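I opened my notebook to record what I looked up in this structure, one topic at a time.

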Amino acid sequence: MIQVQLPDGTLQEHPDEATALDVAAGIGERLAGATMAAEIDGMVVDAMRPLKQLTDADPVPLKLLTNRDAEALGVMRHSCAHVMARAVMRLFPGVGLAFGPTVANGYYYDFELDEPIREDDFERIEQEMRAIVKEAEPFERFHLGRDEAIEFCGELGQALKVEHIETGLSEHPDLSFYRQGEFVDLCRGPHVPDAGRIKAFKVLSVAGSHWKGDASNGRRLQRLYGTAWFSKKEQAAYLERIEEARRRDHRVLGKQHGLFSITPEVGQGLCLWMPKGASVRSRLEDFIKAELLARGYDPVYSPHVGRVELYETSGHFPYYRDSQFAPLFTHDAGQLVDGWIRRLEGGALGEQDEQALCAAAAVLGCDTSSYPANGTRDERVAFLHHWERTQERFLLKPMNCPHHVQIYKSQPRSYRELPVRLAEFGTVYRYEQSGELNGMLRVRGLTQDDAHQFCTPDQVEQEFRETLELVKFVLASVGLDDYRVQLSLRETGSDKYVGSQENWDLAERSLRNVLEETGLDYEECAGEAAFYGPKADFMVSDCIGREWQLGTVQLDYNLPERFDLDYIGSDNRPHRPVMIHRAPFGSMERFVGMLIEHFAGAFPLWLAPEQVRVLPISEDRHAEYAGQVTERLQAAGFRATTDLRSAKVQSKIRDAQLELIPYMAVVGDKEAAEGSVALRDRIDGDLGMMPVDQAVARLREEIDGRQVRQVVKSEFKGFEGETAADNEY
RNA sequence: GCUGCUGUAGCUCAGUCGGUAGAGCGCGUCCUUGGUAAGGACGAGGUCAUGGGUUCAAGUCCCAUCAGCAGCUCCA
């Protein structure tokens with residue numbers, strides 16, 4: 001007999017071969033039916049395996065995982081991924097299986113298959129899945145030794161599984177498999193007891209992927225995404241959330257409401273701000289500029305380009321070469337020599353090609369007569385570098401910091417004037433991979449609400465503290481109150497970071513101290529730091545529960561070193577300042593794009609491009625009074641227009657509603673006689689007649705308080721604490 | 001950058017088997033002058049993304065390019 005201890009402390013006796021499922025059945029039939037898996041000492045395991053196989057503990061600390069537990073949801077989804085793979089194998093004979101893990105809200109399975117899977121196929125895949133679920137066959141686990149396992153997968157024709165056992169799982173002495181009817185898959189598990197426990201599922205999308213995430217190995221896979229839930233109701237809520245997100249797509253709303261546009265004529269990832277989008281942006285910029293002035297920042301301006309040497313010194317140019325626009329050369333041969341150097345350094349330059357380059361460079365006016373063609377590679381590179389350095393090369397700036405550093409450096413600094421805070425809405429250019437571009441959220445030209453704070457090491461904590469306050473304040477001003485901070489730290493043992501060990505320790509400690517002290521919800525992430533220092537990123541949740549990385553605060557002990565910055569201390573000796581990079585919004589593009597989705601295009605009054613529209617009942621009789629009202633509203637500082645079309649007022653109201661104008665002012669005979677308006681609210685509808693002054697006061701109050709009145713919360717909750725499982729197989 | 005899918009009027013989309021290009025909304029003109037989410041009539045709008053190819057004939061089939069979408073990889 002074995003002893004089992006349940007979470008409430010009760011002890012039970014069970015036969016030696018008892019499983020968690022047996023324990024559940026002993027408590028109640030319904031519980032057994034709802035049991036998906038079990039948890040022993042925090043480890044999620046199969047409910048159908050004998051407890052003795054799973055632990056030596058006595059008594060066995062057992063928790064039954066049912067359709068009320070987030071952990072069970074992951075198990076069930078992973079089982080559903082197997083069901084999907086089984087269905088696909090039936091419909092596409094000869095398909096190769098790769099990986100099939102769970103992800104947030106669902107799962108995927110990667111297949112190796114020549115024939116493309118199309119959306120039209122989803123229905124029959126789901127049908128096959130329904131048939132498999134209806135059969136409710138059990139998931140059976142078994143083990144094989146390495147050699148047997150390789151032979152077994154070979155016999156099944158699963159070459160990728162063989163490869164994975166030989167490489168990824170080379171340390172595993174024996175391998176576990178799960179069988180479900182005719183379908184067998186190498187898998188760590190755990191799984192639900194039988195397929196019948198999958199109550200709601202759907203195949204969602206198909207996309208390309210790469211074997212083990214490596215694009216260079218040339219092995220293309222097809223990734224089929226699906227979702228699964230404990231009930232149809234939960235699934236419906238989730239699908240509705242996806243729909244809601246689609247309805248809020250800033251690319252669609254941005255076009256519809258004339259906020260921004262991205263055209264092939266201008267270029268991929270280069271955003272044109274239309275008047276209405278520019279209006280929203282400029283409200284935000286004015287707001288934060290005023291805030292910065294109040295907080296002791298000095299606004300500065302700097303150009304969009306800078307000499308390449310600036311970014312060589314900062315380290316950005318060599319580190320991010322591939323994600324920058326190519327340098328601009330003033331000499332005709334510049335680009336050629338640059339490509340020449342890179343080919344030499346890459347070791348991929350033939351003798352003939354080199355001679356051709358030599359000749360071509362000469363034609364373009366670069367004197368190559370003393371080029372050491374027979375010298376070492378280093379000598380040849382040095383010759384070309386030397387020439388290049390005599391030439392002007394510019395870079396579209398990928399960062400504002402080097403320019404701000406030059407402003408700091410332009411005069412001697414005393415500890416008395418620190419911190420120096422230089423702020424600029426600086427536009428930077430990054431050559432993002434084409435597949436990464438996404439509306440305003442990921443662009444190639446973006447404007448950061450950037451600033452750099454230069455301070456003494458002693459001031460770091462206080463500066464960081466104040467900066468966190470600023471970020472919190474600006475997020476609150478647009479009604480974003482649901483966020484957490486990700487503290488990105490270095491990864492021990494990696495060589496991608498610059499700067500001394502002591503500085504990193506100091507920086508990380510300072511950030512952690514202040515975050516602790518402010519009580520912000522934060523989480524540490526090793527390996528996510530920038531190459532020059534740790535950072536605190538604000539992860540903001542929007543009204544339908546999606547998380548966005550917006551503001552960032554980054555400590556930097558590196559650039560001051562590289563640019564040899566100093567200030568004179570009270571000891572009359574030079575000291576090294578510390579830099580803080582920070583951008584509360586992140587970039588204006590990304591921030592406004594996120595706001596469009598958060599507000600579903602319906603901006604709060606203080607940000608709305610058009611705040612009030614005056615609607616005359618009759619175009620010819622009330623046009624004059626409508627014009628007067630509009631002028632009064634404009635004089636009071638509102639963005640107001642008049643709708644003078646010869647349409648019925650119902651139709652004008654409908655259009656204004658669809659254009660998401662916050663307020664309408666209807667004017668007819670009565671209003672004209674009394675000097676009033678019939679105010680209509682986008683949200684609450686008709687507010688009745690009131691004097692114009694009263695309407696002005698009402699709107700003024702809403703704007704001054706930066707009120708956010710309409711943010712629809714999503715029905716979808718998901719599972720508290722749910723995370724994507726880390727599936728090894 | 002890679003894989004897959006897509007590209008028809010300002011917008012959203014039909015377009016069968018390869019046989020002279022369609023709708024709704026929007027826009028323009030005219031009629032209508034109205035009271036809180038669509039009044040009516042008429043009209044203008046397209047080198048079917050671009051460039052090649054196959055064919056008597058291409059929006060439709062093939063190739064390339066460009067752009068968009070989904071995903072992968074990346075993100076100072």
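The entries below cover the surroundings of the RNA strand and then a pocket.

Entry one. I noted before anything else that this is a predicted model, and then I looked up which residues surround RNA strand B. I found 52 residues around RNA strand B, and those that come nearest are Ser-434, Glu-436, Ile-617, Arg-654 and Glu-671. Of the atoms of RNA strand B that come within 4 Å of the protein, I noted that 46% belong to sugar and phosphate.

Entry two. I looked up single contacts, and for Ile-617 I found a backbone N or O atom 2.4 Å from a base nitrogen of RNA strand B. For Tyr-225 I wrote down a polar side-chain atom 2.8 Å from a sugar or linking oxygen of the strand, and for Arg-680 a side-chain N or O atom 3.0 Å from a sugar or linking oxygen of RNA strand B. Among the elements that give two or more residues to this surface I listed β13 (220-229), α22 (649-658) and β32 (676-681), and I marked α22 as giving the most, with seven residues. Sorted by class, the surface near RNA strand B has 19 charged, 18 polar and 15 nonpolar residues.

Entry three. I turned to the largest pocket, which holds about 1100 Å³ of space. I counted 38 lining residues, of which Arg-430, Glu-432, Gln-448, Lys-535 and Gln-554 are the closest to its centre. The elements that each supply at least two residues of this lining include β21 (445-455), β24 (535-541) and β25 (547-556). By class, I recorded 14 nonpolar, 12 polar and 12 charged residues in the lining of the largest pocket.

Definitions and conventions: Residues numbered from 1 in each chain as written. Chains lettered and ligands numbered in written order. Predicted model: local features only at pLDDT ≥ 70, side-chain atom pairs only at ≥ 80, totals over all residues. Heavy atoms only, no water. Near = heavy atom within 4 Å. Polar contact = N/O pair within 3.5 Å; in protein donor to acceptor, adjacent residues only side chain to side chain. Helix = DSSP H or I, 4+ residues; strand = E, 2+ residues; numbered from the N terminus. Nonpolar A, V, L, I, M, F, W, Y, C, P; charged D, E, K, R; others polar. 1 Å grid on protein atoms, 1.4 Å probe; cavity = no way out; pocket = protein on both sides within 12 Å on 5 of 7 lines; lining within 4 Å. Points joined across faces, edges and corners; volume = space filled by probe spheres on them.
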